[in-house]
Amino acid sequence: MGTPTATLRIIGGRFRGRPIRYLGDPRTRPMKQRVREAAFNLLGARVEGVHVIDLFAGTGALAWEALSRGAASATLIERHFPSARLIRENAAALGVTQLIEVVPGDTFVWSRKLAQGAVADRCKRSWLVFCSPPYQLYVTDTQPMQTLIGRMVELAPAGSLVVVESDQRLDPATLPDSCHWDVRHYFPAVLAIAETGVPHRS
């Protein structure tokens, strides 16, 4: 049990084409390749030098893509322990172990600790926050998800980027109104990207 059964490939940057092993478990659904590509095309050079926070890391694919494109470091939170272990193994294979922190635990708990100052952010640089959970959480845990996204927008340094992936069940109007969200549709996925400190345009 816990043996990798699938692979995906990093699609851009210095690690382009490198394989990433994962368990094939539906709980760690990776963002589809075309959506990943679209997301990083939208982010462009703003990835360089940021600290990545991958709230529902799964395979770690989003962090690997960001590090491949010049992100400085990453924190990956994953509650499925076998997947968290595999994230560390993939980091070692890529040679980026020293750049990452893997948190094997619950994202909601971690974010509360962050808000309370019990979690030290690794650096004072801008963040790139990825929120790409199992889609059903937007239905089964609606309020905790809204609180989580709002908390990350509030805590992130000004000029940070927050990327939310969902499907059609997330109403973009429920996203924090303190910033402007660029919403793109890649059926069935929906991407919403905001820069903190940039006010919402009515």
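How many residues lie between S8 and S9 in the hairpin that they form? In this predicted model, the hairpin of S8 and S9 has two residues between its strands. Strand S8 covers residues 181–186 and strand S9 covers residues 189–195; the two run antiparallel and are joined by six bridges. One pairing to look for on screen is that of His 185, whose bridge partner in S9 is Val 190.

With the hairpin located, the chain as a whole can be surveyed. Its secondary structure comprises six helices and nine strands. The chain has 202 residues, of which 51% are buried. Among contacts with a separation of 6 or more, 64% are made by residues 24 or more positions apart.

The buried nonpolar residues come next. The largest nonpolar core holds 41 residues, and the members that touch the most others are Leu 43, Val 52, Trp 64, Ile 100, Leu 128 and Phe 130. Helix H2, residues 61–68, makes the biggest contribution to this core, supplying six residues. A second core, separate from it, has 27 residues, including Cys 131, Tyr 138, Leu 148 and Cys 179. Both cysteines named here are well worth a look: Cys 131 is buried, at a relative accessible area of 1%, and Cys 179 is likewise buried, also at 1%. The count of disulfides in the model is zero.

Helix H3 offers a neat check of geometry. This helix runs over residues 81–94, and its 14 residues should span 20 Å at 1.5 Å a residue; the C-alpha atoms at its ends are 20 Å apart, so expectation and model agree. Buried positions along H3 are Ser 83, Ala 84, Leu 86, Ile 87, Asn 90, Ala 91 and Leu 94. These residues cover an arc of only 160° around the axis, and therefore sit on the same side of H3. The spacing fits a familiar rule: an α-helix has 3.6 residues a turn, so residues three or four places apart point the same way. The partners of the buried residues of H3 are strand S2 (19–22), H2, strand S4 (73–77) and strand S5 (100–103). Just after the helix comes Gly 95, with a positive phi of about 75°.

Strand S4 also has a partner in strand S3, residues 51–54. The two strands run parallel and are joined by four bridges, with Ile 53 standing opposite Thr 75 of S4. Within S3, His 51 and Ile 53 point one way while Val 52 and Asp 54 point the other way, yet all of them are buried. In a regular strand, side chains alternate between the two faces of the sheet. Val 52 has already appeared above, as one of the residues touching the most other members of the largest core.

A last stop is Gly 159, in the loop that links helix H6 (142–155) to strand S7 (161–166). Gly 159 has 29% relative accessibility and so counts as partly exposed, since the partly exposed class lies between 20% and 50%. Once its neighbours within four places in sequence are set aside, Gly 159 is in contact with Ser 126, Glu 195 and Thr 196. Ala 194 is 35 residues away from Gly 159 in sequence, and their C-alpha atoms are 9.4 Å apart in space. Glu 195 brings the account back to its starting point, as residue 195 closes strand S9 of the hairpin.

Note on methods
Residues numbered from 1 in each chain as written. Predicted model: local features only at pLDDT ≥ 70, side-chain atom pairs only at ≥ 80, totals over all residues. Heavy atoms only, no water. Core = buried A, V, L, I, M, F, W, Y, C linked by side-chain atoms within 4.5 Å. Buried < 20%, exposed > 50% of the residue type's maximum accessible area, 1.4 Å probe, protein only. Expected span 1.5 Å × (residues − 1). Arc of directions from axis to C-beta. Contact = heavy atoms within 4.5 Å. Pairing = 2+ DSSP bridges. Disulfide = S-S within 2.5 Å.
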